[in-house]
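User: Hey, can you walk me through this one? I'm new to reading structures, so keep it simple.
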Amino acid sequence: MNKRDQQDQDYLETPLRRNPNHNSHQKTANHARLRKVCAFLLLISLIAFYGVGLYAYHMLGAAKTTINETYKKTNVKKLRNVSDVLQKKKPFSILLLGTDTGALGRTDKGRTDTIIIATVNPQTKRTTLTSIPRDTQVKVPGSENSYDKINSAYTIGGVSTAIKTVQNSLHIPIDFYLLINMGGLRKLVDAVGGITIKPLLTFNYSYAHVTKGKTVTLNGKQALAYSRMRYSDPEGDYGRQKRQKQVIKAIVSKAMSSSTISNYKQILNTLQNNMQTDLSYNDMLTIETNYKSAASSIKSDVLQGEDATINGLSYQVATAKEKQKISDNIRSELGLDPSTETFIGRIDQTFSDDDDSYSSSTTNYNSYSNNNNGYNNYRGN
């Protein structure tokens, strides 16, 4: 086992100890190993998007109670009329966030080491999961720093700031969000009776002892460890993202099977204690009714960055061209025209005049959230 993975494993069951005085540019001695690695996210999309219909009408009362408990609005003004989007059966987006430790609503928020933009398109019958690496360099609204890692946006200003950061960086509308405490992941996997996968590589890490291509059934602890391992993966965090999405698909498949129905109370209880979203009960009923076809295919994408060491810390720096490509892909899935805004590549403290510099686009950061950039110019029917 890689030494850094061994250190990560030793820390697997230990509560995260973080300096409450946040400064993403302060390098601490335990920065590299004591940051609890986040697993993945979604089952939630299944429960949120398709679960209501799956568990049938006699379970709707319990589901409604759970959903009402998890509902929490943000202070971010929607860039689109989301009610109109759902009523007209247009594609929509949801920002999926996985916190790295602890309970939702605690003083120490943690970081969102899992960041996925899901686009749900009933016309193409496809859901696309676009991952953003946690170390991606961004400008976080309200931060005193010139730049931060995107996983710290939630720490700095909660869900609202995380949403604003993603919208500003990629010039896309986030219609809804869904936040899950990854400490509840193990219970979710166990609640659906475990998941079956074909591992993408061979490794031994914590509870996960897997062989590439050899089908294995994982319980909650094993699935969490399988999703967490990073340092022994030749692709690093990108390889981990592939495993996270693999586990997501396996959970969705298992949760939609008839064998899971008997565990609906356990699943709902786990969600109620570990989930937060601005999807209302009525929203979920509408989605279950009109968007089930989008579960037919799950496609993966990722914002690809380049390794960079800035002020002694490692970042993933996505070029302006890469951000525009990902933005175009997401907007296309949403039935929107490409953005006409300027995309920002590497953000330097010493500003330059080229298009990839922060200085050339400062105005865009300040003004972007105040206009719809053609978001209502839907290209579909």
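User: Let's start with strand 14. How many of its 5 residues are buried?
Analyst: Strand 14 covers residues 313–317, and 4 of its 5 residues are buried. Keep in mind that this is a predicted model.

User: OK, which way does strand 14 pair with strand 13, parallel or antiparallel?
Analyst: Antiparallel, over 5 bridges, with strand 13 being residues 306–310. As one example, Asp 307 has Gln 316 in strand 14 as its bridge partner.

User: And what do strand 13 and strand 14 form, with those residues between them?
Analyst: A hairpin, with 2 residues between the strands. In the turn, Asn 311 has a positive phi of about 55 degrees.

User: What about aromatic rings, how many pairs does the structure hold?
Analyst: There are 4 aromatic pairs. One of them is Tyr 147 with Tyr 315, which is edge-to-face, at 5.7 Å centre to centre and 80 degrees between the planes.

User: Why does that pair tie together parts far along the sequence?
Analyst: Tyr 147 is in the loop between strand 4 and strand 5, while Tyr 315 belongs to strand 14, so the pair joins parts that are 168 residues apart in sequence.

User: Are those two buried or exposed?
Analyst: Tyr 147 is buried, at 1% relative accessible area. Tyr 315 is buried as well, at 2%.

User: What's the geometry of Phe 203 and Tyr 226?
Analyst: That pair is stacked, with 5.7 Å centre to centre and 20 degrees between the planes. Phe 203 sits in strand 8 and Tyr 226 in helix 7, so the pair links parts that are 23 residues apart in sequence. Phe 203 and Tyr 226 are both buried.

User: Switching to helix 10. Which of its residues are buried?
Analyst: Tyr 281, Asp 283, Met 284, Ile 287 and Glu 288. Looking down the axis of helix 10, these buried residues fall within an arc of 155 degrees, so they line one face.

User: Which exposed residues are on the face turned away from that buried side?
Analyst: On that face of helix 10 you'll find Asn 282 and Thr 289.

User: Last thing: what is the average pLDDT of the chain?
Analyst: The average is 75, and 66% of the residues score at least 70. Among the elements, helix 11 has the highest mean pLDDT at 98, and helix 12 the lowest at 36.

User: Where does pLDDT stay under 50?
Analyst: Residues 3–58 are below 50, and residues 350–381 also stay under 50.

Definitions and conventions
Residues numbered from 1 in each chain as written. Predicted model: local features only at pLDDT ≥ 70, side-chain atom pairs only at ≥ 80, totals over all residues. Heavy atoms only, no water. pLDDT = per-residue confidence, 0-100. Helix = DSSP H or I, 4+ residues; strand = E, 2+ residues; numbered from the N terminus. Contact = heavy atoms within 4.5 Å. Buried < 20%, exposed > 50% of the residue type's maximum accessible area, 1.4 Å probe, protein only. Pairing = 2+ DSSP bridges. Arc of directions from axis to C-beta. Phe/Tyr/Trp six-rings, centres within 6.5 Å; stacked < 30°, edge-to-face > 60°.
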